[in-house]
Structure formats: structure tokens, C-alpha cells
Amino acid sequence: MSERISAIQHHLLPGSTTLSSAGANAVLAKAPKSPDDVVIIEAIRSPLCKGGKGAFKETHPEYIMGEVFKALIKRTGIEPGIVQDIQVGNVCMPGAGVTTARMAALYGGFPNSVPACAVNRQCSSGLATVGAIAAAIKAGFIDIGIGAGVESMSMYYGMNAVPTDLSPEVLAYGPAADVLTPMGITSENVAEQFGVTRAEQDAFALRSHTLAAKAAKEGLFAEEIVPIKLPNGTVVSADDGIRLPTAEILAKLRPAFKPNGSSTAGNSSQVTDGAAAVLLCRRSYAEKKGLKPIARFLGFTAIGCPPTIMGIGPAVAIPAALQQVGLKLSEIGIWEINEAFASQAVYCVKKLGIPVEKVNPKGGAIAFGHPMGATGARQVATLLPELRRKKERFGVISMCVGIGMGVAAGKDILNILNIFAI
């Protein structure tokens, strides 16, 4: 309790930095270590498996998430009862996913005293939980917590996850009706409005497939992935959606969402099952408990953009987030930008002038999949080992956010971005 009071007092002092103050954060990225820093202790994920076809096609999301929680406790050596909040992102599960989130936490080894909730901010849900836990730590509400995410697109993806009865009055209002734009059509809209060609999309997709296959072969995912033992005894230890198509194969694929379109099964993200979890705490608390930080959480922003072109979100949010923490684009060593569609990823990278060689160096969602509620937390697990391997200091995670490919319902379309420092 004394640590929380001290943290709150720190926020009230002149010149203090908080996650909610963009002006104060202008010096946060390069500030010296502080006892009040939000740090990451561990970030891990399950293998990512093909929806409806892969190793998790008959595995319930609460089981996958629970097994990841077990691995997180084992890896960090924490006493489970010290965790003060668990937030689990999801998009498709019934009942907002809160029942399965709580079940997963209990099955994973956390006692009844540790609370849990579910968060649905569409494709960024797993990242939103990390940001929310970081904010609660920075505000002094908690000392330690877990931001996580899970999705079984095998079990819950489709029309069952969307509202079936919507207000005619609201639907008659154009901007509100735009929220129902199918995700595949938003991809086509971005390509058409901003001149992203099929050749550019296929080239970006081929790069993602190639890098992911190379990273898997070289064992670069080994640190972030925790093997999952299924109830039947099978051990799943690797992503099973990675393919290695040629440029010729990608060029032959038919448009997936509209005649004469440019988005295909080869240059769009896969339907996928998986889970991920990130343990965060205050630096002073980590020192007290003997926990070793692996990164520092710096900033978070969410910015809306037109639902019909939701894919441009990173191009809108990244400049705001960099300004928030006082960094230049050139200072970022690695960019984890979710590949919902090649069209939007290509546009955002070009629009911002990001060196493509710094983007998703181990491939992205086009190659190994996008389990919507888990992807944000998965990106944290993917980013941090690569920052260390390449001896880079700053990394950025960003994504466009929708309701899910082709699903006709949802909320405002937002973009989420986090910045981390080693």
C-alpha cells in the first residue's frame, strides 16, 4: 500500500511523467530508469494454428489460455497470488469472453483472489489489455498484472459473433452504417483509394511468408512460444500455418472479396487459433520481488479513422504515439505492424516512410495468422526477443482494428500502438 501511495504522490509532483499526459511523456523514452517505470517481466505465446484445420481446431480457448498462464507462472517463478489483475482480450467468444477468461485464470494456477476480466477492442484486444494493465500500474491502482489475449477462430469465428438485430434509425445514419463494411472490402477500398497495386501486395506478402519460414527454420520463435500439451497427449510446439509460396503462386490466386479485386488468400491474414500473455509490474515492485525486467513500457495511443478504410489506422496513430514519448521515426529499431491485409500494411509503411527492412523481420500475420483477440499480446512476445537479438533499443507495435474479416457488425474502428524500450 505504501508503494501505491508513493506512486500516486509521484504523479502529483511538478515534472512527473504519466501515461495520460502527452506533454509529460515527451521526455519519457530517453529518461533514466525510475522506480515508477512500468516494466515487462515476460511475454509468451502459444503456437499459432490454422483455424478449422490446425492443431487447435478442437481445443477450447480457455484451455489454450490456461496452459499459457501455467507457462507464464513457471517461467517467471512468481507466486500466483501476488498478481492483482488479469485482463484477457478476445473478439469472437460468447458472453464477451469473460466466463472463459476467468476459467482460464483459475485453471492456469491463479487463486480465487486474483480478479479477471475480458476486453473486446476488436483486433487490438490483446494489445489493449497490455495498455490497460500498464496504465493501472502507472496510476498506482495495482503493482503487478497480466495483459493477455486468446481466440479460437475454429470454434467461434463467423456470424454467431455479431449482432443479429440492429436499430434501423442508427443504420440509416451513414457513418454508423459504415461500421458494417466487411473487412475484406475495407482492404479493397484502401488499395483503390491509395493506389496500392496487386503486385505490391503480393511482393509484401511473399516477403512475410519468406521471413516467417526462415525464422521458423532458424528457431527464432523458440523463445516466445510455449509448447501446449493437448488433452489427448499431443504436444503442439510450432506454428502450423506458415507456408512458402512462390511469387508465381501468389500471382495466380483469385481475388477473395470482390471481382477484379487485389486482396487474396495469399496476401491477407490467416484465420487462426492461439493465445498470448504479458506480465507487467512497477520497476520498484520487480526489485522487491526479485523479478528481472526485460523491457520498459513507454506509451499507448488509440485513434479513430474511417471504418471504410480502417486499414490506414497505423498511419494515423504512429505519428501521435511517437510525439507522445518524444521519439523520431528514425530512432525505432523494429516495427511490429500487424498484417491484416497487405494492402493496408503496404500503404502505412509507404505513407510513413518506414524502412521496410525494419518491419516484421520474422514475418507477420499474412504468414502465421491473426488470432484476433490474441494478436496484440502475441506481437509483444514476438518483438522483444528480436530487439535483444538485433541489439536495438526501441520497438513499436501497431495495428489497424476492425471487427474481423467479413463479419458485418462492430464498434468504432480504432488503431492501437505501443512503444517499448529494452
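1. A good place to start is helix α13: its buried residues (under 20% relative accessible area with a 1.4 Å probe, protein chains only) are Ala342, Ser343, Gln344, Ala345, Val346, Tyr347, Cys348, Val349 and Leu352. That makes 9 of its 11 residues, so α13 is mostly covered. Helices here are DSSP runs of H or I with at least four residues, strands are runs of E with at least two, and both are numbered from the N terminus.

2. A word on the source: this is a predicted model, in which local features need pLDDT of at least 70 and side-chain atom pairs count only at pLDDT 80 or more, while totals for chains, interfaces and linings use all residues. Residues are numbered from 1 along each chain as its sequence is written, and side-chain values use heavy atoms, with hydrogens and water left out.

3. What covers the buried residues of α13? The cover includes α8 (183-194), α9 (198-217), α12, β10 (334-337), α14 (365-368) and β11 (394-400). Just after α13, Gly353 has a positive phi of about 75°.

4. Take α12 next: this helix (residues 313-325) packs against α13 (residues 342-352) at about 35°, the axes being 8 Å apart. Those axes are lines fitted to C-alpha atoms over the stretch in contact, and angles run from 0 to 180 degrees between N-to-C directions. On the α12 side the contact (heavy atoms within 4.5 Å) uses Pro314, Ala315, Ile318 and Pro319, and on the α13 side Gln344, Tyr347, Cys348, Lys351 and Leu352.

5. Asp239 deserves a look too. This residue sits in the loop between β7 (235-236) and α10 (247-252), and Asp239 is buried, with a relative accessible area of 12%. Its side chain makes a polar contact (N or O atoms within 3.5 Å, one able to donate a hydrogen and the other to accept it; residues adjacent in sequence count only if both atoms are side-chain atoms) with the side chain of Arg45 at 2.8 Å. The Asp239 side chain also reaches the backbone nitrogen of Leu48 at 2.7 Å. Leaving out residues up to four places away in sequence, Asp239 touches Arg45, Pro47, Leu48, Phe221, Ile225 and Phe368.

6. For the whole chain, there are 15 helices and 12 strands, and 58% of the 422 residues are buried.

7. Finally, confidence: the chain averages a pLDDT (the predictor's confidence in each residue, from 0 to 100) of 88, and 88% of the residues score at least 70. Please be careful with residues 4-23, where pLDDT is below 50, and residues 403-417, where pLDDT stays under 50.

Definitions and conventions
Buried means under 20% relative accessible area, exposed over 50%, partly exposed in between (1.4 Å probe, protein chains only).
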